[in-house]
Amino acid sequence: MLVKVEAEAVPADAVWKVEENPGASGGRLLAAGPYDGVGESAGADIQIPRAGRYTVWVRYHKPDANCSGFFVLFRDEGDEDVAFHKCDWVPVLPTARPYESTDPRSPRGAGFHWERFAATFERPLAARLSFGGYIHRGGHGARQVDCVLVTDDPRFDPRALTAAALTALPRAARVAAPPVAPSGFTPARGFELSPAAFAGVEAPDRQFRLGLIHNAALFANHAQVLQFGFNRDHGGGSKRHGILTMWPAESFGEASEELAQRHPAPEGRFVNSTGQVGSLWSLSYPPLQEELPKLLAERVGAAVDRDDVEFWRISGEVGGYLDYSPSSQAAFRQWLARKHGDVATLNQRWGSAYASFDEIVPPATFAENRACWLEFRDFCGTVFAEAVGRQLPLIRQLDPKKRPCIGQNSNLDLLAPYFTSMRPMDWEQFIEVALAGERYVGWDTYCVDDYLGCEIDLLRSLSGGRHLLNQEWNIHGVDPRLAARTFWTQVSKGIRGIYCFMYQEGTHHDSYPKWALLRGDLSPKEKMGAFADAAHEVHRLEPLLTSAEVVHPVKPVALYYSRLDLSVAQPHLSLWAEGADSPFRVYEALRGLGYAVRWITPRQIVAGELAQVGAVVMVDCQYVPAEAAARLEAWVRDGGVVIGDRWPGAWNEYGQPQETLARVFGVAAAEQPKPEGGALAVQQSSQGYGEVTIAALDPKSLAESVGEIWQQWDCKHPVAREVGEFMLSGYGLQAIRCTAGEVLGMTFDGRPGVVLNEYGQGKALYFAMMMGSLRESSASSFEWDSTHSGLSFERILGAFLRYSGVRPVANAHVGNPRVRAKLRVEAPLVTPEGNVLVGLTSLNDAALPPFALEVALPAQARRFGRVFFAPGGGRQLIPLRAQVSGGHLRVTVPAFDTHATLLALRDSAPLVGLTLTGASRGPAGLLQAKPARTLTVRAVIHNPSATALPAGVLRVAAPRGWFLSAHTVKVPAIPAWGSQAVSFAVRTPALAGPRRLRPIVTRYQAGRARSTPATEIVWWGQ
């Protein structure tokens, strides 16, 4: 068989043009210009009459030796790629010869050339052939495609044919015949090209947003994206396929060429702390602010009529900057005058002696003038938030649809000292000012497991009730188990969208092979399988997930968010500038103990939110605003619980010493001998930490601050008795003395190391070392894994919190404490109807055996009809026996590997559970199907409501080329809270092409009752 397609048969468009060339077959070529990112052409029809393995020959012309860089693509009737090849390709990445850059010039010179590649067509099909250019480095040549030949004869070689002989070859083949179905089966019809085919919620604004980011992808295969379970993209949505996108409208810091010419540099430009003038504009420069409406109107106007635009992006991965330009300094002085009223008040707060505000010059470093630097940082953060926020009313005026505005700011401005010290963004202020009146908070992040969970809990605590969208995420790794459990960590915490970076490898960026979810041959990586499986589980639970809110049935433990300390701390040990005393370490320990964790800020403390938490943990919180410190002291005196390390609240928001919290913890600085040279020693004080407090630890001396703490041998306190023997190692050991309370742990020379103080009606626990570094092992490294070093720190925290009456949200009766320390049970998600979802993730290296679990439920969620267990890696739905006692849901959790969900349902639409046999389980728990095999599917339809369902049908969909025993299966009537089981079979094709992920979709309907889809994802292909 031989099929020919003349490239000029592809319809021309604005990019791809038909050109005359006497050496071409038929005398014409399809051509596109010599530049990056040429889009995919329209398609030419081609018939593949039977399944088989083929050779595809491509003839093209090169006007010079530069790499032309184009691809050849075959799409099937469902718009999915079935064969793909990069022609005249020079890769950007180094080859097997290390340290040698690639040659941007093609190995082929000018003239006509042939390339061939193998293609497997699993079935007869009416395909569509198209071409496109891809991005690469180096010089670009024009794309000039002549013709494509498809043959099943491995001996055929067209390279000796003349242009006239090529022209004479037949252009058509027999029409593709319908596939012959095995006995008892009929051909599957494929899938509707719409998110609705896979969605559990049809209304776009109520959907869980699942995005695959096409960043410099070769081409957009939206049909495949839909089958993976995704329905969103960034910047490249598809109206045809119903895939929505966001539009980058931000223009708060940009200027037109006209403005730049009118105000040449250095006027109006950003200036750093050393006086260097940058290329960025100063956000405080009035002409820039006046320019905003014009530029914003252009940005919004370019997409305001696009139906696929869902959001306006108003900020990217930016966090502002410390701007020392003249316009910024002038605005800073005006800001200080408004805040303090008069210079005398400022002097009293700062401990300064300025005669007027005009004298104030922002210092280059914190050490030069603590108060002024902290205030200048706050000012620059305010300028940034207000600059972004000025876009909101303008966009709302320009957009008749009033689409939401969202930011895509970086997680590095949350907890990384390096970034928070140079970028003044205050996330709490940004949310309230730059996103005023908006419904969503978006951010970019690349992390896994607890760290991502920690970020979500932090952002939710700052969000003011707004919903969270993870606008860009992937894992630094390839492990599908890590990918699956981190994806589900996000879902279990109630966020409303996850956008995965990135779809294809691309061809011009060194890191794309790391991030891409498809390999260079477009076969899915194993973590793509994990993401697709999780995405389809989201769709099955979508109406519950997108209507539920996090509810804390018991008061969570709150980590104090010390933006002040983050801004002055020097980063230690971490590539991403994490501090040695990172609160993440304590978050990790608390989650392993079963506690729900939120964060609390000074503003929230002043606003009264201490009443909503069970305890406050202050990790490296040496700078606490005076009013917040006073509120904390009063709260503990009235019965609150606090945990801290080093010198909690030793300074206020202006860097001035304060004693408010010293008596709460019952510790003070030990007297130190006066060093040689006359420097002051830390003096004893009966009132607080010391007359001369200790500065932040210099990273250069970090290794010298290692210490150890062990149990106080004669302590009889109940907490000490429960903990028993323990050993702690860490950094930042402080020499203290105990002024109140009891010593639970001691250091060398008998100094206090862990102090428990009963303060008024409340309780306080103090550690003389950095909690974020504590290990029952060695303090030589800041390790990711918190449990292989021992659990002494966790045991002390747990015993103290239990003694203080602070309850966990969950108790898991797992025999091995190390396994329990890596189990995460989330706070309940509760729908308005009282349905409950409880997410579980395991950070363990092996699957968990069954275990008993108790989860606290809010009062409105303690009445339900059925409880189900949904493990990851498939669409099972396992009914459980459960009871509620003492406000807790009590169940025995079946075995699971990485993640699962408990569903306690009071009134829900029908749900379908699937069990497949006939194939083994592979990566991410997905089935691995082989050619010509029969998969037996048992579907159980559950009716989790008090209303009986009439007889209905289960509709089944499978990929084209596959076969079904039935497209619809009759389902008998289902009583209230009952279920019905039906079965059907799926037959795979006899021939397998490249490895793919294939969905098998089921959906039940009876009268007006309709289930969400239950979709099993299957590994298929070579």
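A residue is called buried when its relative accessible area is under 20%. The legends below describe close-up views of a predicted model.

**Figure 1. Helix α7, a mostly covered helix.** Of the 20 residues in α7, 17 are buried. The helix runs over residues 370–389, and its first and last C-alpha atoms lie 29 Å apart, close to the expected 28 Å at 1.5 Å a residue. The largest nonpolar core has 199 residues, and α7 gives the most to this core, contributing twelve residues.

**Figure 2. Helix α5 and its packing against α6 and α7.** Helix α5 comprises 15 residues, 326–340, and its C-alpha span from first to last is 21 Å, close to the 21 Å expected at 1.5 Å a residue. Its buried residues include Ser-327, Phe-332, Arg-333, Trp-335, Leu-336 and His-340. The buried residues of this helix pack against α6 (343–350) and α7. Gly-341, just after α5, adopts a positive phi of about 85°.

**Figure 3. Surroundings of Met-618 in the largest nonpolar core.** Met-618 belongs to the group with the most contacts inside this core, together with Phe-230, Trp-312, Phe-487, Val-616 and Phe-767. Leaving aside residues up to four places away in sequence, Met-618 touches Tyr-560, Val-624, Leu-632, Val-642, Ile-643, Gly-644, Asp-645, Pro-648, Leu-661, Phe-665 and Met-771. In soluble globular proteins, nonpolar side chains tend to be buried together.

**Figure 4. An open sheet of five strands.** The strand order is β11-β49-β51-β47-β44, and the pairing is antiparallel. Strands β11 (186–187) and β44 (911–917) occupy the edges; each has a single partner strand, so one side of each is left without a neighbour in the sheet.

**Figure 5. Pairing of the edge strand β11 with β49.** These two strands pair in the antiparallel sense over two bridges, with β49 covering residues 963–964. Pro-187 stands opposite Phe-963 of β49.

**Figure 6. The whole chain, as context for the close-up views.** The chain contains 24 helices and 54 strands. Its radius of gyration of 32 Å is close to the 31 Å given by the globule rule for 1022 residues, so the chain is as compact as a globular protein of that length. The C-alpha trace spans about 100 × 75 × 55 Å along its principal axes. Buried residues make up 61% of the 1022. Among contacts with a separation of 6 or more, 76% join residues 24 or more positions apart. The exposed area is about 37,400 Å², of which carbon and sulfur atoms supply 52%.

Methods:
Residues numbered from 1 in each chain as written. Predicted model: local features only at pLDDT ≥ 70, side-chain atom pairs only at ≥ 80, totals over all residues. Heavy atoms only, no water. Core = buried A, V, L, I, M, F, W, Y, C linked by side-chain atoms within 4.5 Å. Buried < 20%, exposed > 50% of the residue type's maximum accessible area, 1.4 Å probe, protein only. Helix = DSSP H or I, 4+ residues; strand = E, 2+ residues; numbered from the N terminus. Contact = heavy atoms within 4.5 Å. Expected span 1.5 Å × (residues − 1). Rg over C-alpha atoms; globule rule 2.2 N^0.38 Å. Areas by Shrake-Rupley, 256 points an atom, 1.4 Å probe, with all protein chains shown as cover. Pairing = 2+ DSSP bridges.
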